[in-house]
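Grab a coffee and work through these exercises with the model open beside you. Each task comes with a solution in steps.

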Amino acid sequence: MGFRMRYLDLKRKICSVRMLAIQGIAEAGSGHPGASFSAAELMGVLYFRKMNHSPKKPDWSERDYFINSKGHSAPGFFATLAIAGYFPPTEMKTLRKLGSRLQGHPVRYTQKETHQSVPGTEFSGGSEGIGLSVSIGIALANRLDGKKNRVYTLIGDGESNEGQIWEAAMAAAKFKLHNLVAILDRNRIQQDGFTEDIMPLDPTRDKWSAFNWNVIEIGGHNVEQIIDALNKASEAKDSPTIIIANTVKGNGIKHMTNNPQWHGKAPPREHTPLLLEELRSECLIAPSIIAGQQENYEEKIRSAERGGADIIHLDIMDGRFVPNTTFYSDTIKQLRHITTLPFDAHLMIENPLAHIQDYIDARCDIVSVHAETCSESEFAQITDRLLSNGISPGIALNPSTDLPNWLFPHLQDVDVVLIMSVNPGFAGQKFIPEVLSKIRLINQKLREHGFLGYIEADGGIDATMLQAVYEAGARIFVAGNAVYGSGDIHGAIIQLRYKVNVALERKLLEQANSIGIRRDWLKTRKHILIPLANELGIEEELHALK
Ligand code: DX5
Ligand code: ZN
């Protein structure tokens, strides 16, 4: 694939996959949202970041192979192929329709079958338990031909009830197929219930190691862990690798999450706008490690990761642009190996163009420079350098700085607009209230100009401010003192996420109101809303629901 897709773009694409899949399923009135969503990051990282493949040349002889053995995840799989460029995304509206080539389960693509199969589909899935065996054949043939192509196979944990899976597991180890990577979508739910109730698979790890596979276990919705695991699998020498990806069925839509009911059920079509709003509203919590007493950045990063943070916010201060000095790229280099969590570098330094390579070499995932410290041409050079290294570019604005006009021609290259809600230089300051309307106006203006990136709010963010900042349009929340000044990092992050949830549910309820489906939405969403009912003021209403 050559270029390294940048972190926030990867997140955005995977979000588009979920949105396309749920639109297709709702339109069709049938399909499998559960598995389409549990495997979304797994398929997304493979097609958008890891695999060697070419949508323009689906039969390219050097391509890596993706065998989707859990065929019922077809809506998610098709949406991934569409977003990757194998066919127009608009065709997803024909999912499961008579005459459509997007049916309930994929059909292997061949030139002869173009009316009923889409390019990029290597295997006709549906009856489960077969894909791994087919993958062994492809991996063996490639090796016999001296080819470097790799084979990636997605299997399910319900599917692992099939004896053929274990025959194949033995054979792959026997043939030492290092060019084969199986990925287990371990969402712990199958057609009619929880896997451990129906046919216990645990201890899953021990089973696969006992079959002489190289075993890697990860969080299956964590793109950086998936990338890391796939890279490690590429280093395996003489055994196949299984990546046990702990996933959540229906992940992305709260009332479908970990709920067997949504294995193979479609949401009502009229719910679609609310589901799309929910998917679009994914938020990232970013602890700022300069906050709090102790300077042990390593421990702070570890505790943030344990506490459930999404990204790590790194404040670089040079003592000139701001009246404080913190650390530079050399410190970041030392911290990089501690976690796979993305590094969000906030450069409060003069002349950032002169130093940008240092932050590229330090392997940051997001780098924001201040609009007050560079000209348009310097900013353009900075974004070019970052983009060509697969790093998400951002622009930061001090509280009194408005969006520079020169930014608009560069918007498609910007993934983050960071709006300071305190004067830069120190953690632990109070949120400047006037910044709230600024966030709202800037978000509006940017969306009008087609901006697809994230608004990041930075400074004085805590549980009391979060809902308002969310409603203003921010989706990345930096939290320094609120996390490291709390004495309970995990608790603090949970509380920030709780506030995000309340703000999201309030927005969805307003939207349900505006399209006249409030009662039906309350019914569908009841088990999600009960814990928030008090804060949303809907206790009686929920209680009255029969
Ligand atoms: C301030 C920094 C912020 C700050 C956030 O210049 O850019 O990231 O550390 O800390 P709190 O959340 O405590 O304001
Ligand atoms: Zn910052």
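Helices (H or I, at least four residues) and strands (E, at least two) are DSSP runs, numbered from the N terminus. This is a predicted model, where local features need pLDDT of at least 70, side-chain atom pairs count only at pLDDT 80 or more, and totals for chains, interfaces and linings use all residues; side-chain values use heavy atoms, with hydrogens and water left out. Residues are numbered from 1 along each chain as its sequence is written, while chains are lettered from A and ligands numbered from 1 in the order in which they are written.

**Exercise 1. Find the odd backbone spots.**

Task: Which residues does a cis peptide bond join, and where is P203 found?

Solution:
- Start with the background: most residues other than glycine have a negative phi, and most peptide bonds are trans.
- Now check omega: it is about 0° between D202 and P203, a cis peptide bond.
- Place the proline: P203 sits in the loop between α7 (195-198) and α8 (204-210).
- Then look at phi: N258, not a glycine, has a positive value of about 55°. Its loop runs between β7 (241-246) and α10 (272-280).
- R363 is another non-glycine residue with positive phi, near 60°. You'll find R363 in the loop between α13 (352-361) and β11.

**Exercise 2. Sort residues by cover.**

Task: Are N187 and R363 buried or exposed?

Solution:
- Set the cut-offs: buried means under 20% relative accessible area, exposed over 50%, and partly exposed in between (1.4 Å probe, protein chains only).
- N187 has 1% relative accessibility, so N187 is buried. R363 has 55%, so R363 is exposed.
- N258 falls in the partly exposed class because its relative accessibility is 40%.
- Go back to N187, in the loop between β3 (180-186) and β4 (189-190). Contact means heavy atoms within 4.5 Å; beyond neighbours within four places in sequence, the contacts of N187 include K70, D157 and N258.
- Try S368 too, in strand β11 (residues 366-370). S368 has a relative accessible area of 0%, so S368 is buried. Not counting residues up to four places away in sequence, S368 touches A345, H346, L347, G394, I395, V416 and L418.

**Exercise 3. Walk around ligand 1.**

Task: Which of the 20 residues around ligand 1 come nearest?

Solution:
- A residue is near a molecule if one of its heavy atoms lies within 4 Å of it. By that rule 20 residues surround ligand 1, and G428, D458, G460, G480 and N481 come nearest.
- Look at backbone N or O atoms facing ligand oxygens: one of G480 lies 2.7 Å away, one of G460 2.8 Å and one of G425 2.9 Å.
- With those in view, note the cover: the protein takes up 99% of the 380 Å² of accessible area that ligand 1 has on its own (Shrake-Rupley method, 1.4 Å probe).
- β9 (312-317), β10 (343-348) and β15 (476-479) each supply at least two shell residues, and β9 gives the most, with three.

**Exercise 4. Step back to the whole fold.**

Task: How many helices and strands does the protein have?

Solution:
- The tally is 21 helices and 15 strands.
- Buried residues are 59% of the 546 in the protein.
- The C-alpha atoms fill a box of roughly 65 × 60 × 45 Å along the principal axes.
- Among contacts with a separation of 6 or more, 72% join residues 24 or more positions apart.

Methods
A polar contact is a pair of N or O atoms within 3.5 Å; within protein, one must be able to donate a hydrogen and the other to accept it, and residues adjacent in sequence count only if both atoms are side-chain atoms.
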